[in-house]
Amino acid sequence: MARIEPDSVMGHAAPLLEGEKVVQEFRPDRTAYWRAHLVMAVILGIFAGLILLWQGNPYPVVGPVAAVLAIGVRAAYVASEALAEVWRLTNRRLLGPAGRVVPLTQLGTARPFLGAVQVTTTLGDRHLIKYQSDPAAVATRLQLAGQRAGHG
């Protein structure tokens, strides 16, 4: 299987500050990754088949087969990159891939969203922690960390 090497932008994580400690890491779950792509393939496959039926195509089965193949190949190709996106929660910040940094005092909300967690800062920035096995637990953990930092 091909492996995508991260480029210079995506390949670095934000460094820890002096005295900063990693409390928890949020790594993508391989099962959640493949489940998300399977759901996407089924939905797009049905949609493609319906479009071909609507157009009067005599072979509407081609749509779902092509959708499943296209999404499967893409998922296999980008898996190494997507599954390497680790988010780290420290005692001061939330650190994401590509040098993303969210101070805990700016952490507004964290909500489960289709197998991921959407983090919104108090400034309105949004980040997506993708492919989590338990998005609700991750969201709760982040909300608690943000609340503690706000009261600290």
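**A walk along helix α1**

Let's start at a small detail: right after helix α1, Gly 56 adopts a positive phi of about 80°. Keep in mind that this is a predicted model.

Now step back into the helix itself. Helix α1 covers residues 30–54, and its 25 residues should span 36 Å at 1.5 Å a residue. The end C-alpha atoms do sit 36 Å apart, so expectation and model agree.

Next, look at which residues of α1 are tucked away. The buried ones are Ala 32, Tyr 33, His 37, Ala 41, Gly 45, Gly 49 and Leu 52. In an α-helix there are 3.6 residues a turn, so residues three or four places apart point the same way. As for what lies over the buried residues of α1, the cover includes α2 (62–82).

There is an outward-looking side to the story too. Leu 38, Val 42, Ile 46, Leu 50 and Leu 53 make a nonpolar surface patch of about 500 Å². Take Leu 38 from that group: this residue lies in helix α1, and because its relative accessible area is 57%, over the 50% cut-off, Leu 38 counts as exposed.

Back to Tyr 33, which is worth a stop for its aromatic company. The model has two aromatic pairs. In one of them, Tyr 33 meets Trp 34 edge-to-face, at 5.3 Å centre to centre and with 85° between the planes. How buried or exposed are these two? Tyr 33 has 0% relative accessibility and so counts as buried, while Trp 34, at 36%, is partly exposed. Tyr 33 also pairs edge-to-face with Tyr 131, here at 4.9 Å centre to centre and 75° between the planes. Because Tyr 33 belongs to helix α1 and Tyr 131 to the loop between β7 (126–129) and α3 (135–151), this pair ties together parts that are 98 residues apart in sequence. Tyr 131 is buried, as is Tyr 33. Put together, Tyr 33, Trp 34 and Tyr 131 form one aromatic cluster.

Finally, the charges. Side chains of opposite charge can pair when their charged atoms come close. Two salt bridges turn up in this model. One joins Arg 93 to Glu 20, with the closest N and O atoms 2.7 Å apart. That pair links distant parts of the chain, since Arg 93 is in strand β3 (residues 93–95) and Glu 20 in the segment before β1 (22–26), 73 residues apart. Arg 93 and Glu 20 are both buried. Another salt bridge runs between Glu 25 and Arg 27, whose closest N and O atoms are 3.0 Å apart. Glu 25 is partly exposed, with a relative accessible area of 37%.

How values were computed
Residues numbered from 1 in each chain as written. Predicted model: local features only at pLDDT ≥ 70, side-chain atom pairs only at ≥ 80, totals over all residues. Heavy atoms only, no water. Helix = DSSP H or I, 4+ residues; strand = E, 2+ residues; numbered from the N terminus. Expected span 1.5 Å × (residues − 1). Buried < 20%, exposed > 50% of the residue type's maximum accessible area, 1.4 Å probe, protein only. Contact = heavy atoms within 4.5 Å. Phe/Tyr/Trp six-rings, centres within 6.5 Å; stacked < 30°, edge-to-face > 60°. Patch = residues over 30% accessible without salt bridge, like charges linked within 9 Å, V, L, I, M, F, W, Y side chains within 5 Å. Areas by Shrake-Rupley, 256 points an atom, 1.4 Å probe, with all protein chains shown as cover. Salt bridge = Lys/Arg side-chain N within 4 Å of Asp/Glu carboxyl O.
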